[in-house]
Amino acid sequence: MPKPEPLLLPHPAAEVTVTPEADGHRIEIRMYDPAVFIGATSRLTRYPVELIRKVLQVKGPAYLCDEIARDEDPGYVEVELMSDLLAYRPESAFEGRRILDFGCGSGASTMILARHFKTARIVGIDLSPELVSLARARRDFYGAGHVELEAMTEGTGRLEAMEPFDFIVMNAVYEHLLPGERRAVIGALWRRLKSGGILFINETPHRYWLKDSHTTGLYLINYLPDWLAAPVARRCSRRVEPDATWPQMLRNGIRGGSERELLGLVGAADGRGAEILEPCRLGLVDRIDLWSHILQQRGRHTPKTRKVAQVAKVLKKRLGWTVLPTFSIAISPRPRD
């Protein structure tokens, strides 16, 4: 039997070939400029050619394989997202509920939620119509009829008009919102969250961790005032362009998030008090355990990260603080008095 001929997907920045195999399609990427960063150069995927073409169109060749892995690889986004949810509630608690995936991007996180919670009513919202178009293509591929996807292009008005949600997820989104956007978005989300519901904010760098690994790679920059952090980042970080503005750095996530900031935002939203929850399942007792659990699941729990967890436990016991490299939190509204 002759070997299937590879299909060339045209792109000005790379040679992208797709070859049929027994288990799907093999993607191979060769960037024309070898200096360009590329997440991965090869991947076997179940995606059909037209969906691969759509991902290439929206995300470009450098992130083609990575974007597909975010959906298909259970050890990538899925293990962290589902651990962050199931550490607080069992899967049965999400079935038949309304779940909002805010900042759903290209729909990888939304499809993960759809696969795990087949009877839930899931809504994905993102600011980018182009990303939402890719999310819809993924939804159609999986036949996920219980998923609704929308582009929020005119402020938070559409969000405010939606029916309340039982659970709201912001996965790797919060750090990319500008300060004014955080006030508007968190306020609108909090008002759409039912009493007894949970707002999950995950995969955000912690505002007060010693090193900003997310945006600059610099130590102690989190403790500098804005007027000083900007020139230091431009001068000392290879990840920051020399002409980058402070708003651009904020958009890229340089300031992360913190419990104090979030509690202030939800407290100003509708007068309800807020309760930060601690994990109560999977054998976990606090967010430090959850952080360690996710690293363990991903094969990344090293002697260094174990030491970080030990120090974090001491700080929590002595000072009542939970400070880790990433800020992941589950927060629930208290009823009004």
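**Aromatic cluster.** I began with the rings, in what is a predicted model. Tyr88, Phe94, Phe117, Phe167 and Phe200 are linked by ring pairs into a cluster. I then looked up the total for the structure and noted eight aromatic pairs.

**Phe141 and Tyr142.** I took one of these pairs for a closer look. The ring centres of Phe141 and Tyr142 are 4.9 Å apart and the planes make 55°, so I entered the pair as tilted. Stacked would need planes under 30 degrees apart, and edge-to-face over 60. Next I asked how exposed the two residues are. Phe141 has 32% relative accessibility and counts as partly exposed. Tyr142 has 25% and also goes down as partly exposed.

**Charges over rings.** I checked which arginines sit over ring faces. Arg115 lies over the face of Tyr142, 5.4 Å from the ring centre. Tyr142 therefore appears twice in my notes, once in the tilted pair with Phe141 and once under Arg115. I also recorded Arg182, which lies over the face of Tyr174 at 4.4 Å from the ring centre.

**The sheet.** I traced an open sheet of seven strands with mixed pairing, and wrote down the order as β7-β6-β5-β8-β9-β13-β12. Its edges are β7 (147-151) and β12 (274-276), each of which pairs on one side only. From one strand to the next, I have the twist averaging 20°.

**The β6 and β7 end.** I went on to the edge at β7. Strand β6, residues 121-126, runs parallel to β7, and five bridges join the two. Within this pairing I noted Val123 opposite Glu148 of β7. Helix α5 (residues 129-142) packs on the sheet here, where it touches both β6 and β7. The direction of α5 makes about 165° with that of β7. The residue range of α5 runs to 142, which takes in the Phe141 and Tyr142 pair entered above.

**Cysteines.** Last, I searched for disulfides. How many are there? The count comes to zero, with sulfur atoms required to lie within 2.5 Å. I still looked up the accessibility of two cysteines. Are Cys104 and Cys236 buried or exposed? Cys104 is buried, at a relative accessible area of 5%. Cys236, at 48% relative accessibility, counts as partly exposed. The limit for exposed is over 50%, so I left Cys236 in the partly exposed class.

Conventions
Residues are numbered from 1 along each chain as its sequence is written. This is a predicted model: local features need pLDDT of at least 70, side-chain atom pairs count only at pLDDT 80 or more; totals for chains, interfaces and linings use all residues. Side-chain values use heavy atoms; hydrogens and water are left out. Rings of Phe, Tyr and Trp (its six-membered ring) pair if their centres lie within 6.5 Å; planes under 30 degrees apart count as stacked, over 60 as edge-to-face and the rest as tilted. Buried means under 20% relative accessible area, exposed over 50%, partly exposed in between (1.4 Å probe, protein chains only). A charge sits over a ring if NZ of Lys or CZ of Arg is within 6 Å of the ring centre and within 35 degrees of the ring normal. Two strands pair if DSSP finds at least two bridges between them. Helices (H or I, at least four residues) and strands (E, at least two) are DSSP runs, numbered from the N terminus. Axes are lines fitted to C-alpha atoms, for helices over the stretch in contact, and angles run from 0 to 180 degrees between N-to-C directions. Contact means heavy atoms within 4.5 Å.
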